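Let's take a walk through this structure together, one stop at a time. Have the sequence beside you as you turn the picture.

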Amino acid sequence: MGRHCELCGKLIPKERIDALPKTNRCLECAKENGSDLDTRRVDIGMDRDTYRDLLGAIRS
Ligand SMILES: [Zn+2]
């Protein structure tokens, strides 16, 4: 029984599921769109470093 990526539909490698049992994204989609397990990044909707830069820009 395999699990398919929620974004591209490709089969997620068993090694990745072993490492991240709750993931629904393959490595490529996790890299491009952020991991579905990183809820904070999903809430922010942007890269965490970009968010930090934005906060710094607002404060300065
Ligand atoms: Zn994918």
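Leaving aside residues up to four places away in sequence, which residues does Glu6 touch? Keep that in mind while we look at the whole protein. What you have here is a predicted model, and the protein contains four helices and zero strands. Reading from the N terminus, the order of elements is simply α-α-α-α. Of the 60 residues in the protein, 8% are buried. As for how the chain meets itself, take the contacts between residues at least 6 apart in sequence: 6% of these join residues at least 24 apart.

Now back to Glu6, which sits in the segment before helix H1, the helix that covers 14–19. Its contacts, once residues up to four places away in sequence are set aside, are Asn24 and Arg25. You can also follow Glu6 to Cys29: these two are 23 residues apart along the chain, and their C-alpha atoms are separated by 9.0 Å. Is Glu6 buried or exposed? The answer lies in between, because 14 other C-beta atoms lie within 10 Å of Glu6, making it partly exposed; a buried residue would need 20 or more, and an exposed one 12 or fewer.

Step back along the chain to His4, which is also found in the segment before H1. His4 has 13 C-beta neighbours inside 10 Å, so it counts as partly exposed. Not counting residues up to four places away in sequence, His4 touches Gly9, Lys10, Leu11 and Ile12. Asn24, which we met as a contact of Glu6, comes up again here: the C-alpha atoms of His4 and Asn24 are separated by 7.1 Å, with their positions 20 residues apart along the chain.

Next, look at Met1, which lies in the segment before H1 too. Met1 is exposed because it has 2 other C-beta atoms within 10 Å, and 12 or fewer is what that label takes. If you want a distance to check in your viewer, try Met1 to Lys14: the C-alpha atoms are separated by 9.8 Å, and the residues are 13 apart along the chain.

Our last stop is in helix H1 itself, at Arg16. Which residues does Arg16 touch, not counting those up to four places away in sequence? They are Thr23 and Leu27. Between these two in the numbering comes Cys26, which is 10 residues from Arg16 in sequence and 7.7 Å from it in space, C-alpha to C-alpha. Arg16 has 16 other C-beta atoms within 10 Å, so it is partly exposed.

Technical notes:
Residues numbered from 1 in each chain as written. Predicted model: local features only at pLDDT ≥ 70, side-chain atom pairs only at ≥ 80, totals over all residues. Helix = DSSP H or I, 4+ residues; strand = E, 2+ residues; numbered from the N terminus. Contact = placed C-beta atoms within 7 Å.
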